[in-house]
Amino acid sequence: MTTPLLTFGPTLETGVPALDEDHRALVALANRLHELHSGPYDLVDGVNALSELASEATRHFGREEAMMREHGYPLQPEHQTEHRNIAAELEKVLAEYAEGHYRGTEGAIENYFKFWILDHVSNQDMKLGEFLRRLTGPR
Ligand SMILES: [Fe+2]
Ligand SMILES: [Fe+2]
């Protein structure tokens, strides 16, 4: 059993069920990629796992942005800019990965995911979660 790359815990929890469910799924996908890399993996398996992570992330960004719009979230522009940057980076990394660019340096790509998930969720998504929780009141 490989040690997970990420653990979904209080530092990633926004308290908004729709967001937390998505984030939990992204963490699971990042861990699956890490698990694959820990064994004698096949590049095609890696590409599949990574593209699933990338497309799930993109769908998730769309869902968050729809929530922001619906509730008139004031920090939407800066939050959305971060999503755009991450999505562009993911696309680039995925293309490089598919070309075998990260053979032997899989840890680098994993640390990149680890960083953006931790950084984006614990900063931007946490602020969004606070805003949404204030709208719905204490649960
Ligand atoms: Fe998010
Ligand atoms: Fe976000």
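This is a short tutorial chat about how the helices H2, H3 and H4 pack in a predicted model.

Me: What should I know before I start on this model?

Reply: It's a predicted model, in which local features need pLDDT of at least 70 and side-chain atom pairs count only at pLDDT 80 or more, while totals for chains, interfaces and linings use all residues. Residues are numbered from 1 along each chain as its sequence is written, and chains are lettered from A and ligands numbered from 1 in the order in which they are written.

Me: What counts as a helix here?

Reply: Helices and strands are DSSP runs numbered from the N terminus: H or I with at least four residues for a helix, E with at least two for a strand. Here H2 covers residues 43-71 and H3 covers residues 76-98, while H4 is 106-136.

Me: How far should the 29 residues of H2 span?

Reply: The expected span is 1.5 Å times one less than the number of residues. For H2 that gives 42 Å, and its end C-alpha atoms are 42 Å apart, which agrees. Right after H2 comes Gly72, with a positive phi near 60 degrees.

Me: Which residues of H2 are buried?

Reply: Buried means 20 or more other C-beta atoms within 10 Å of a residue's own, exposed means 12 or fewer, and partly exposed is in between, with C-beta atoms placed from the backbone. In H2, the buried ones are Gly46, Ala49, Leu50, Leu53, Ala54, Ala57 and Glu64. They pack against H1 (17-38), H3 and H4; contact means that C-beta atoms, placed from the backbone, lie within 7 Å. Ser55, also found in H2, has 13 other C-beta atoms within 10 Å, so it's partly exposed.

Me: At what angle do H2 and H3 pack?

Reply: Axes are lines fitted to C-alpha atoms, for helices over the stretch in contact, and angles run from 0 to 180 degrees between N-to-C directions. Under 35 degrees counts as roughly parallel, over 145 as roughly antiparallel, 65 to 115 as roughly perpendicular, and the rest as oblique. H2 and H3 pack at about 170 degrees, with axes 10 Å apart, so they're roughly antiparallel. Their contact includes Leu50, Ala54 and Phe61 of H2, along with His83, Ala87 and Leu90 of H3.

Me: How is the H2 and H3 contact made up by class?

Reply: Ala, Val, Leu, Ile, Met, Phe, Trp, Tyr, Cys and Pro count as nonpolar, Asp, Glu, Lys and Arg as charged, and the others, Gly among them, as polar. This contact has eleven nonpolar, seven polar and two charged residues.

Me: How do H3 and H4 pack?

Reply: Their angle is about 165 degrees and their axes are 11 Å apart, so H3 and H4 are roughly antiparallel too. Among the residues in contact are Ile86 and Val93 of H3, and Trp116 and Leu128 of H4.

Me: And what about H2 and H4?

Reply: That pair packs at about 45 degrees, with axes 12 Å apart, so H2 and H4 are oblique to each other. Glu64, Met67, Met68 and His71 in H2 meet Leu128, Leu132 and Leu135 in H4. By class, that's five nonpolar, one polar and one charged.

Me: Where does Gln76 sit, and which residues does it touch?

Reply: Gln76 is in H3. Leaving out residues up to four places away in sequence, Gln76 touches Met68 and Arg69. With 16 other C-beta atoms within 10 Å, Gln76 is partly exposed. Gln124 lies 48 residues from Gln76 in sequence and 9.6 Å in space, C-alpha to C-alpha.

Technical notes. Two residues are in contact if their C-beta atoms, placed from the backbone, lie within 7 Å.
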